Amino acid sequence: MNLKSISSKLLLPAAAFAALLGISEDAQAAVPGTLTHQGRLFDDAGDPVSGALDVTYTIYDADVGGAALWTDTISVDFDEGYFSAELGAATAFDVAVVFDGSTRYVGVQIEGDAEMAPRGTVGSVPYAMVANDANGDINPTTVNIPGFGQVIDENGQWVGDPSGLVGPAGPAGAAGPAGAAGPAGAQGPAGAVGPAGAVGPAGPQGPAGAVGPAGAVGPAGAVGPA
């Protein structure tokens, strides 16, 4: 099969291979893990191609030669040359390796033909345009900083360098209103006996008591001298 080129709609340079890389899921959902390649394929006579063909996609770290970071062969249906293929659906991307911020290049090989040249540059897609500046809430499981390691663990606790986390103490605030009295606490143990106090002054004389009963008669005395 002699295939001439893929015509591009958008994003990558239109040459022997140029393609549109876009998002494959609703923008309101989680960031998708696939890329969409859309375009139109022509044969060497300039006629659009129809039918199902196996297309091998490869992502490289260089425009010529270099290392292949990801590859997959996808059966693609062509209709008057038009097609759409979802990259990463069957063979997932290792994002940390494939898309680490460096420029990447996509090679396309159809059926038994040689890979088309030149390779296309992987351009930014809507999600990636804000990748350097997170807007709104973020939902990581942990936070790691290259060269420093983990700084926030899976429990949301700061586990990084504590230096500088606590600032100087601020001025004392105004006293708040007194709170309501709490309930009485349990009675504590008896304390030690204290020293005897000083003798107090004599009190006033009390009233006379009642007369007591007569006492018993005493024995007779001795007889006196004559």
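Which residue of strand 6 does leucine 35 stand opposite? The legends below take up this point together with other close-up views of the predicted model.

**Figure 1. Overview of the predicted model and its secondary structure.** The protein comprises 1 helix and 10 strands, and these elements follow one another along the sequence in the pattern β-β-β-β-β-β-α-β-β-β-β. Of its 226 residues, 25% count as buried, while the protein exposes about 15,900 Å², of which carbon and sulfur atoms supply 56%. When contacts between residues at least 6 apart in sequence are considered, 53% of them join residues at least 24 apart.

**Figure 2. The pairing of strand 3 with strand 6.** Strand 3, which spans residues 35-43, pairs with strand 6 in the antiparallel sense over 6 bridges. Within this pairing, leucine 35 stands opposite leucine 87 of strand 6, which answers the opening question. Along strand 6 (residues 82-87) the side chains alternate, with Phe83, Ala85 and Leu87 pointing to one face, where they are buried, and Tyr82, Ser84 and Glu86 pointing to the other, where they are not buried. In a regular strand, such alternation between the two faces of the sheet is the general rule for side chains.

**Figure 3. The surroundings of glutamate 86 in strand 6.** Glutamate 86 is partly exposed, because its relative accessible area of 36% falls between the 20% limit for buried residues and the 50% limit for exposed ones. The side chain of glutamate 86 is joined to that of threonine 34 by a polar contact of 2.9 Å. Valine 76 is 10 residues away from glutamate 86 in sequence, and the C-alpha atoms of the two residues are 9.3 Å apart in space.

**Figure 4. The open sheet of 4 strands, in the order 5-4-7-8.** The pairing in this open sheet is antiparallel. Strand 5 (68-78) and strand 8 (120-121) stand at the edges with a single partner strand each, so one side of each is left without a neighbour in the sheet. Strand 4 (residues 51-60) and strand 7 (residues 105-110) run antiparallel and are joined by 6 bridges, and the bridge partner of tyrosine 57 in strand 7 is valine 108.

**Figure 5. Glycine 123 in the loop between strand 8 and strand 9.** The loop that holds glycine 123 leads to strand 9, which covers residues 143-145. Glycine 123 is partly exposed, with a relative accessible area of 24%. Although glycine 123 and tyrosine 105 are 18 residues apart along the chain, their C-alpha atoms are separated by 9.1 Å.

**Figure 6. The salt bridge between glutamate 115 and arginine 119.** Side chains of opposite charge can pair when their charged atoms come close. The structure holds 1 salt bridge, and in the pair formed by glutamate 115 and arginine 119 the closest N and O atoms are 3.3 Å apart. Glutamate 115 is partly exposed, with a relative accessible area of 27%, whereas arginine 119 is buried, with a relative accessible area of 16%.

**Figure 7. A nonpolar patch on the surface, formed by Trp158, Leu165 and Val166.** Together these three residues contribute about 350 Å² of accessible area. Tryptophan 158 is found in the segment after strand 10 (149-152), and this residue is partly exposed, with a relative accessible area of 43%. Tryptophan 158 can be counted in the patch because its 43% exceeds the required 30% relative accessible area.

Key. Residues are numbered from 1 along each chain as its sequence is written. This is a predicted model: local features need pLDDT of at least 70, side-chain atom pairs count only at pLDDT 80 or more; totals for chains, interfaces and linings use all residues. Side-chain values use heavy atoms; hydrogens and water are left out. Patches are made of residues with over 30% relative accessible area and no salt bridge: like charges are joined within 9 Å, nonpolar side chains (Val, Leu, Ile, Met, Phe, Trp, Tyr) within 5 Å. Accessible areas come from the Shrake-Rupley method with a 1.4 Å probe; for residues, only the protein chains shown count as cover. A salt bridge is a side-chain nitrogen of Lys or Arg within 4 Å of a carboxyl oxygen of Asp or Glu. Helices (H or I, at least four residues) and strands (E, at least two) are DSSP runs, numbered from the N terminus. Buried means under 20% relative accessible area, exposed over 50%, partly exposed in between (1.4 Å probe, protein chains only). Two strands pair if DSSP finds at least two bridges between them. A polar contact is a pair of N or O atoms within 3.5 Å; within protein, one must be able to donate a hydrogen and the other to accept it, and residues adjacent in sequence count only if both atoms are side-chain atoms. Contact means heavy atoms within 4.5 Å.
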